[in-house]
Amino acid sequence: MCYYNSIKVTREEYIQLKELEKAIAFLNEEFAIHKGFDYGDYPVIRPIGKTHETERVKMQWGFLPSYLKTWEDVKKFRNGYKDETGKYQKPYLTLNATSEELLNRIYKDAALRRRCLIPSIGFYEWMHVQVVGKSGKLLKTPEKFPYLVRMKGQEEFYMAGVWQPWFDTEAKMITNTFSLITTVANSLMKQIHNSKERMPTILPGDLAEAWLYHDLSEQDILDIANYQVASQDMIPIPLDKDFLKKENTHERVVYKEVPELIYG
Amino acid sequence: MVNCKRGQPPAEFFGDNFVIEFKQKKYNCRAIRANGRIIYQVNFNGSCLYLTKSINQHGIPFWTSIPQDLKLRHIVAELGKQLEDHLIEALCVTTTVLK
């Protein structure tokens with residue numbers, strides 16, 4: 001009786017299949033939706049040494065400071081926990097780093113020495129809208145309506161980021177992690193992301209170049225991190241509220257409860 | 001300027017979407033050209049399965065997933081058959097591999 005089976009291919013075919021695997025990985029990077037709270041890997045662009053060449057490497061989204069020593073520490077850091085006295089310690093979210101605090105907190109060293117770009121074809125944000133319930137009164141909890149925001153004339157654009165190699169003292173392994181920098185929302189994003197009024201720091205070519213390669217002063221770093229892309233350069237696409245569960249995630253769906261966006 | 005685009009994309013979609021049926025359910029598919037070979041993307045509830053036709057050491061063609069996964073061999077064989085039927089029916093072509 002045969003319980004174990006395998007299909008052997010020639011060495012040449014095996015290499016070809018491995019090459020296809022790499023090609024598919026690239027395809028996934030380009031089209032997948034990455035959810036920050038999955039703390040998954042994401043392609044990040046960083047300079048190679050001190051050259052003007054770049055490399056696209058996968059890093060874990062969610063900056064980890066070096067004072068965390070083990071994955072158990074990381075779990076507590078990201079999810080919150082009760083300390084010895086029973087007091088709840090809130091989670092520490094490092095998916096985003098605010099531009100204003102970039103040089104004050106755990107990000108300072110990375111902002112000075114390990115800056116990167118995060119490529120994207122679009123990002124998602126939710127508009128909070130107060131809706132009227134069946135009783136005719138305003139519901140306490142606002143409803144959330146998602147938008148995909150793309151950039152005019154740019155299939156791919158770059159967001160500013162900082163990265164940090166994190167050393168797991170138990171497994172003796174390094175995991176590269178990063179945080180995406182956010183700035184104050186422009187007038188369009190203030191309407192879309194109306195709960196926080198923030199947006200990613202999207203950099204045009206010259207600033208992206210400076211962010212990656214230049215020896216920047218602290219003031220230069222803050223100036224670039226605070227850069228606001230213009231509302232007119234953005235294309236907001238309203239999406240189905242359940243778009244994450246749908247096949248066609250980019251289909252435009254307009255809800256009557258959502259106020260019209262105003263440019264200006 | 002920062003130019004992070006690669007010259008030639010290692011994989012690109014081509015042709016129209018099409019649908020295959022598997023166990024009374026319909027699945028969206030697309031063809032991808034990569035390294036001179038054709039791969040089929042089958043969408044499964046938001047995630048993707050990639051299939052291509054390979055050839056074993058004895059010269060016999062078979063369908064495989066990319067990356068190869070022995071656990072998926074039955075479903076891959078069945079989906080491959082469905083893909084083949086679709087291509088024969090829709091385009092009057094058959095799939096083949098070079099030895």
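**Chat on chains A and B**

Visitor: In chain B, what share of contacts between residues at least 6 apart in sequence joins residues at least 24 apart?
Guide: That share is 27%. Note that this is a predicted model.

Visitor: OK. How many helices and strands does chain B have?
Guide: Chain B holds 1 helix and 5 strands. Along the sequence, the pattern reads β-β-β-β-β-α.

Visitor: And how much of chain B counts as buried?
Guide: 39% of its 99 residues.

Visitor: What about the area chain B exposes?
Guide: Chain B exposes about 6,200 Å². Carbon and sulfur atoms supply 52% of that area.

Visitor: Switching to chain A. Strands 1 and 2: parallel or antiparallel?
Guide: Antiparallel. Strand 1 of chain A covers residues 41-47, strand 2 covers residues 54-61, and 7 bridges join the two.

Visitor: Which residue in strand 2 is the bridge partner of Pro47(A)?
Guide: Thr54(A) is the partner of Pro47(A).

Visitor: How many residues lie between those two strands?
Guide: There are 6 residues between strand 1 and strand 2 of chain A, and the two strands form a hairpin. In the turn, Gly49(A) has a positive phi of about 55°.

Visitor: Then strand 2 and strand 10 of chain A: how many bridges there, and parallel or antiparallel?
Guide: 2 bridges join them, and they run parallel. Strand 10 of chain A spans residues 173-184.

Visitor: What stands opposite Gln60(A) in strand 10?
Guide: Thr177(A) does. So strand 2 of chain A, by the two-bridge minimum for pairing, pairs with strand 1 through 7 bridges and with strand 10 through 2.

Notes
Residues are numbered from 1 along each chain as its sequence is written. Chains are lettered from A and ligands numbered from 1 in the order in which they are written. This is a predicted model: local features need pLDDT of at least 70, side-chain atom pairs count only at pLDDT 80 or more; totals for chains, interfaces and linings use all residues. Side-chain values use heavy atoms; hydrogens and water are left out. Helices (H or I, at least four residues) and strands (E, at least two) are DSSP runs, numbered from the N terminus. Buried means under 20% relative accessible area, exposed over 50%, partly exposed in between (1.4 Å probe, protein chains only). Contact means heavy atoms within 4.5 Å. Accessible areas come from the Shrake-Rupley method with a 1.4 Å probe; for residues, only the protein chains shown count as cover.
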